[in-house]
Structures are given as structure tokens and as C-alpha cells.
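Me: Got a minute to go through this model with me? I'd like to start with the ligands.

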Amino acid sequence: MSRAVLSIGSNLGDRMAHLGLVLDSLGPAVVAVSPVYETAPWGPVPQGDYLNAVVVVDDPGVDARGWLERAWACERAAGRTRDVRWGPRTLDVDVVHVEGVVSDDPELVLPHPRAHERAFVLRPWLDVEPAAELPGRGPMAAALAALPEEERAGVRRRDDLVLAVGH
Ligand SMILES: Nc1ncnc2c1ncn2[C@@H]1O[C@H](COP(=O)(O)OP(=O)(O)OP(=O)(O)O)[C@@H](O)[C@H]1O
Ligand SMILES: Nc1nc2c(c(=O)[nH]1)N=C(CO)CN2
């Protein structure tokens, strides 16, 4: 079995369509989808707000590397180009965690080395897995509570937007 947590985000073009493309592409592997959040840009690059969500997937036939390749396939389908690090993008799919896997391969670091510092990952993840933990980092509820108030306030739930397989 291979259960994974993916963080998805978009701040260019039709943001909801790009997030929806991920769900359609992952299809039956999707076991949970978080609410959608409008989030202030994280990092040093000035850019527009993102829509972010977290997707939990499970497929016995897909290993950690397989989830990374599926993430890349989604990014390609959204016309993603690789230019500025932490810059704007049509679609970003990060592998946050794969159950039972720790990796320091630079092409796939697990758990994702910055996930526990990002309110745009932690808030939606805790919506679908309130007891979420990362190996070596403890409970994610505590990690979110430890972030500056300003970062947490920059993550605003959009109840008018709903992500689901088949949309
Ligand atoms: N857990 C992971 N999930 C996704 N990509 C990873 C992971 N660990 C390492 N990488 C590598 O990171 C590279 C850059 O990915 P990407 O362009 O999405 O980074 P980013 O979203 O700008 O920054 P960040 O990694 O901080 O989210 C990818 O080519 C990929 O091989
Ligand atoms: N709020 C938010 N900020 C970001 C995001 C993202 O998905 N959400 N992705 C980035 C790409 O590395 C850089 N900054």
C-alpha cells in the first residue's frame, strides 16, 4: 500500500481548473480532498495569491517515486514551465509525505523539507487529517500553531470553491 499526501497550488490562469485537473488525473486514487484556500504568496518572490488544497491519495501500485512522476504529469498537463524558484506557476504539486517513507534523494526529499513551515499546506492538511504527523517533526497541529499569526491569517478558506473528482 502507498498512501501519500500531496499539496497542490496555482496562482496563474484558471486556478480552479488547474487544481481540478489534478483530481481528474489521480481519479480513483483520491481518498480525501481538503477545502480550497486563498493564500498569500509564501517566499521571497512578489506574486499573486494562490489557491491551495491538499489531496490524500492511496494506490497499492504506486510507490513514492510513482507519486512524484504523477505530480510532474499533472504539472505538465497544466502547461507548467520551470523558471523562477518559488515564483508564480499554473500548477505546483508537491509530495508532502508518503506513509512509511523517509528519503534524502534531492529529486524526492521525504517528508517534504518545507511542508511543516507552510500554513498553506498545514491548514488544509489538518482539515482532512486532524491527527497528521510527520516523521521527526511531530504533530502538524503544533507546527501550524507555532507559525507566525501573519502567516496563518494569510490562509483564507474559500467555501464558494469546491474541488471534487469529476469536476
Ligand atoms: N517532496 C518533493 N515533492 C516534489 N518535488 C520534490 C520533492 N523533493 C524534492 N523535489 C524536487 O524539487 C524540484 C523542484 O520542484 P518545484 O519546482 O516544484 O519546487 P518549488 O515548488 O519551487 O519549491 P519547494 O520545493 O520549496 O516547494 C523537483 O524537480 C523535484 O525533483
Ligand atoms: N501561498 C503559496 N505560496 C507559494 C506556493 C503556494 O502553493 N502557495 N508555491 C510556491 C511555489 O514554490 C511559492 N509560494
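Me: Which residues surround ligand 2?
Reply: This is a predicted model, and in it ligand 2 has Thr39, Ala40, Pro41, Trp42, Tyr50, Asn52, Trp86, Arg89, Asp92 and Phe120 around it.

Me: What's the mix by class in that shell?
Reply: Six of the residues around ligand 2 are nonpolar, two are polar and two are charged.

Me: OK, and the polar contacts? What does Thr39 do with ligand 2?
Reply: Thr39 puts a polar side-chain atom 2.7 Å from a nitrogen atom of ligand 2. Asn52 also uses a polar side-chain atom, which lies 2.8 Å from a nitrogen atom of the ligand. With Ala40 the atom belongs to the backbone: an N or O there is 2.8 Å from a nitrogen atom of ligand 2.

Me: How much of ligand 2 does the protein bury?
Reply: The protein buries 97% of the 330 Å² that ligand 2 exposes when taken alone.

Me: And what kind of space does ligand 2 take?
Reply: The space taken by ligand 2 is the largest pocket.

Me: Let's switch to ligand 1. Which residues come nearest to it?
Reply: There are 17 residues around ligand 1, and the nearest are Arg80, Trp86, Glu107, Arg114 and Arg118. Trp86 is also one of the residues surrounding ligand 2.

Me: Which atoms does ligand 1 use with Arg80?
Reply: An oxygen atom of ligand 1 sits 2.8 Å from a side-chain N or O atom of Arg80. For Trp86, a side-chain N or O atom is likewise 2.8 Å from an oxygen atom of ligand 1. Val109 works through its backbone, with an N or O atom 2.8 Å from a nitrogen atom of ligand 1.

Me: How much of ligand 1 is covered, then?
Reply: On its own ligand 1 has 610 Å² of accessible area, and the protein covers 84% of that. The space that ligand 1 takes is the largest pocket, as was said for the space of ligand 2.

Me: Which helices or strands supply the shell around ligand 1?
Reply: α2 (64-77), β5 (92-98) and β7 (108-110) each give at least two residues to that shell. By class, the shell around ligand 1 has eight nonpolar residues, one polar and eight charged.

Me: Back to Trp86 for a sec. Where is it in the fold?
Reply: Trp86 is in the loop between α2 and β5. Its phi is near 65 degrees, which is a positive value in a residue other than glycine.

Me: What about the peptide bond between Leu110 and Pro111, cis or trans?
Reply: That bond is cis, with omega about -10 degrees. Pro111 falls in the loop between β7 and α3 (119-128).

Me: Last thing: what confidence scores does the model come with?
Reply: The average pLDDT of the protein chain is 95, and 98% of the residues score at least 70. For the complex, the predictor gives an ipTM of 0.97 and a pTM of 0.97.

Key
Residues are numbered from 1 along each chain as its sequence is written. Chains are lettered from A and ligands numbered from 1 in the order in which they are written. This is a predicted model: local features need pLDDT of at least 70, side-chain atom pairs count only at pLDDT 80 or more; totals for chains, interfaces and linings use all residues. Side-chain values use heavy atoms; hydrogens and water are left out. A residue is near a molecule or strand if one of its heavy atoms lies within 4 Å of it. A polar contact is a pair of N or O atoms within 3.5 Å; within protein, one must be able to donate a hydrogen and the other to accept it, and residues adjacent in sequence count only if both atoms are side-chain atoms. Accessible areas come from the Shrake-Rupley method with a 1.4 Å probe; for residues, only the protein chains shown count as cover. On a 1 Å grid over the protein atoms alone, a cavity is a set of points where a 1.4 Å probe fits but cannot get out, and a pocket is an open set with protein on both sides within 12 Å along at least five of seven lines; lining residues have an atom within 4 Å of a point. A molecule sits in a cavity or pocket if more than half of its atoms lie within 2 Å of its grid points. Ala, Val, Leu, Ile, Met, Phe, Trp, Tyr, Cys and Pro count as nonpolar, Asp, Glu, Lys and Arg as charged, and the others, Gly among them, as polar. Helices (H or I, at least four residues) and strands (E, at least two) are DSSP runs, numbered from the N terminus. pLDDT is the predictor's confidence in each residue, from 0 to 100.
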